[in-house]
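Here are some friendly notes to read with the model open beside you. They go through the contacts between chains and then those between domains.

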2 protein chains.
Amino acid sequence: MKKIINTPEAFVDEMIEGILLAHPDQLRTPGDDPRVLVRADAGAPGRVGIVTGGGSGHLPLFKGYVGTGLCSGVAIGNVFSSPSSQQVFEATQAVDGGAGVLYLYGNYGGDVFNFDLAADLSELEDITTRTVVGRDDVASQPKERKADRRGVAGIFFAYKAAGAAAERGDDLDTVAAIAEDVVEHTATMGIGLSPTILPTTAQPSFTLEDGEMEIGIGIHGEPGIHRGMLETADQIADRIVGALVADLELTAGARVAVLVNGMGATPLEELYVLFRRVHQVLSGLEVTIARSYVGEYATSLEMAGASISLLALDDARLALLAAPARSPFFEEV
Amino acid sequence: MKKIINTPEAFVDEMIEGILLAHPDQLRTPGDDPRVLVRADAGAPGRVGIVTGGGSGHLPLFKGYVGTGLCSGVAIGNVFSSPSSQQVFEATQAVDGGAGVLYLYGNYGGDVFNFDLAADLSELEDITTRTVVGRDDVASQPKERKADRRGVAGIFFAYKAAGAAAERGDDLDTVAAIAEDVVEHTATMGIGLSPTILPTTAQPSFTLEDGEMEIGIGIHGEPGIHRGMLETADQIADRIVGALVADLELTAGARVAVLVNGMGATPLEELYVLFRRVHQVLSGLEVTIARSYVGEYATSLEMAGASISLLALDDARLALLAAPARSPFFEEV
C-alpha cells in the first residue's frame, strides 16, 4: 500500500483540514466537528438548503459540490462509510434559512439510515426536510427495480440542477421535485480496471485478474454485470452507451448531457478517448449532446476505471445545468 | 498494461478528437493538423499570442491551458515527445494578431530545438517571437545551474501571469518579461510512487521497489535526488518545502502561491493531506499563502506521485494570478 498519508486513522481528518486551509473563503465548519462543512454563506434567509454527504474517498464527491449554485452543506464519514445522523443534523441546522432543507445523496443503506434519522431530529426542531436519493447506476439493479439502484457519478447532475433552483429562490417542494426529475432521467454505468487499497485495512476494494475489466462495477468495488478481458475504448463505450440509451429510452431527436468520469487513476487522456466514441455513437443515433463534462467527478481513491453518465434533457433541465456555479472543485459561469 | 484506449498508435489523435468534440466553443484547429489547437478567438488584432506545447500524456498540460487569460495556442507531440517545428509554426501563425508571439514551454531538448526552429520560420514571415522556458524543477539541477533545470508543474503560474498580461493588452516584451519574472521566482519538487506504462512500448517510465519512493522525480520519470522507503506525508512535505524555501530564499513576511499537483493516479484526498502540511510549515516560517491550487495540473498519465510548487509573490505577480481565466480545464473568475 503506497499512499501519501501520515496514518490511516488520521487520513480523513487531515484531508478535511487541508481542504479548509485551501478554501477558507468558500467553506467553513459551523460547529466543532470538522466533518461537517457548509458553504461560507450557508443559512441565508429564505433560501432552500441542500445537504449531501457520504463516505470519504470519492473526491470531489461530496465536499467538492458545496458552493454557490450547488449544495449548501455536507456531512462526511470515514472512507466508504456513512456520516452519523448527528453530523447530518448539524449540517441541516447550519444551512436552514427557514425555507427547509433537501437531503440529496446516493442510495446506500448506511446513508439512508442516517439521513432519515437526521430528518426526524430536524422535524423536532421544526426544520422541514425532503429527501431525494441518487440511484443512477443501471448495472446495480434492472429497470423494474430502479428505485433500489445505487447512486454514482450521475448525482452531479442533480446537484447542479437542484443547486441552481435553490439559488434562484425556488421553494423546497420545487427544488425537491427538480432533483427527483433529474435523478429519474439520469443513467450511469462504470468500468473497473484496478482497485483502490483501503487505507485502514490495506485490502483491495475488489480483485481482477491481469488483463481483466469489470463492467458495471460500483464506486466501492461492488460487483458489476460483466467480467472479461479488457476491451478497446470503443467497445467499452459501445457497451455502456447502448445500455444507457436503452434504459433512458432515448430516440432520435433527444438531447442529453454527458459526463465521462474518471474513478481516480485513469488518465484524462483516456477519458477523452472514451468521450470521442460516446459522441460518435450518440451522433449516429441522432441524439444531441447539449452539455459535456469530462474529468474526475466521483472517484474511488486510486481506483482505475471510468463511468459514463447520461442525463436526458428538456429545456428546464438544460437551463438549470447551464446556470452559474462555484465551489472549490467546480466553477462554471 | 491496462488502458482504456483503442490502439497505442491512435491514442493521441483520438484523445485530441475527444477534446475538440467536448469543447467546440473554446478550441479549434486552425488548419488540417489536429495536433495544433488554438483558442476560439485566436489571432485577435493587437493581442500578444502565447504558444505552448510539448509531448502528450500530461493533461491538463498543455492543451488544458489554452483559453481566455491563458495561452492562445498549443502544438502537441506524441506521448512524451516534442511537437514538430512545423506544428509550432502553424500555431504561431494562427495566434499572431500583429503584436507578436511568446513561446512559453518547458525546458526539454526536443521542445527547445523545435520551438527555436519555429521562431526562425516565424521571423521569415515577419512574426516577432520571444521565448521563455519553464525551468522550475529544483531537483533537476543545483541552483548554480538554474538555467538548465527542467520545466514541470510550476509553468502553470507562468501561463496564468503571462496570459493575464496578454489579455489586458501588454506588449510582447512586457508579456515575455512577466513570464520570465514568474519562472525566475517559481520552484517545484516532485515525488514518485509508481510509474506510468508508456502506451507504445508497454514499458514503465521508471522502476521502484515495493514500498519505495523517489524524491525529485521528473514528469517523464527522470531520476530524482533521493530514493528510499516511502515516508509519511508530513515528512515528504517537510523535505520538499524545505528545499523550495531555501531555493527561493523565502524569509518571514514573504507571500507565496502554492500548487500541490497530482501526477495522475494520486487521489485528491492525499494532495490535501500534503497541502495541510505545506500550510503548517509555511505558517511556522511566517510565510503567507496568498493563492492555493490543489489538483491535477501537470500529470504523467497514470503515474502515482505529486509535486509541490511555490511562487514567491509581489503585488504585481499576485494581481496577475488573480485575474480571470477560462479554459476547458481551468476556470476562475
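1. A definition to start with: a polar contact is a pair of N or O atoms within 3.5 Å, where within protein one atom must be able to donate a hydrogen and the other to accept it, and residues adjacent in sequence count only if both atoms are side-chain atoms. Please keep in mind that this is a predicted model. With that rule, 30 residue pairs are in polar contact between chain A and chain B, both residues being at pLDDT 80 or more.

2. Which elements of chain A might you colour for this interface? Those giving two or more residues to the side that touches chain B are helices H1 (11-22), H6 (233-248) and H7 (268-284), together with strands S7 (186-194), S11 (288-295) and S14 (331-332). H7(A) gives the most, with 10 residues. By type, the residues on this side of chain A divide into 27 nonpolar, 12 polar and 15 charged.

3. Now for the extent of the chain pairing. Chain A and chain B each bring 54 residues to the contact, and the area buried between them is about 4600 Å², with carbon and sulfur atoms giving 63% of it. On the chain A side, A:Lys2, A:Ile4 and A:Glu269 lose the most area to chain B, together 19% of what that side buries.

4. Charged pairs also cross between the chains: there are 4 salt bridges in this interface. You could look up the salt bridge of A:Glu14 with B:Arg276, where the closest N and O atoms are 3.3 Å apart.

5. Within chain A, the division is into domain 1 (11-185) and domain 2 (186-321), and their C-alpha centres lie 23 Å apart. From the UniProt record, an unreviewed entry, comes the feature "domain: DhaK" at residues 7-330 of chain A. That span is 32% helix and 24% strand, and its end C-alpha atoms lie 29 Å apart.

6. How many residues of each domain are in contact with the other? The contact involves 34 residues of domain 1 and 39 residues of domain 2 of chain A. The two domains bury about 3000 Å² between them, 64% of it from carbon and sulfur atoms. A:Phe80, A:Phe157 and A:His185 supply 23% of the area that domain 1 buries against domain 2, more than any other three residues.

7. Between these domains of chain A, the count is 3 salt bridges. A:Lys143 and A:Glu249 meet through their side chains in a salt bridge, at 2.8 Å from N to O.

Note on methods. Residues are numbered from 1 along each chain as its sequence is written. Chains are lettered from A and ligands numbered from 1 in the order in which they are written. This is a predicted model: local features need pLDDT of at least 70, side-chain atom pairs count only at pLDDT 80 or more; totals for chains, interfaces and linings use all residues. Side-chain values use heavy atoms; hydrogens and water are left out. Domain bounds come from an automatic or database domain assignment. Contact means heavy atoms within 4.5 Å. Buried area is the accessible area (1.4 Å probe) that two parts lose on being put together, summed over both. UniProt positions are given in the numbering used here, feature names are shortened, and annotations may be inferred rather than shown by experiment. Helices (H or I, at least four residues) and strands (E, at least two) are DSSP runs, numbered from the N terminus. Ala, Val, Leu, Ile, Met, Phe, Trp, Tyr, Cys and Pro count as nonpolar, Asp, Glu, Lys and Arg as charged, and the others, Gly among them, as polar.
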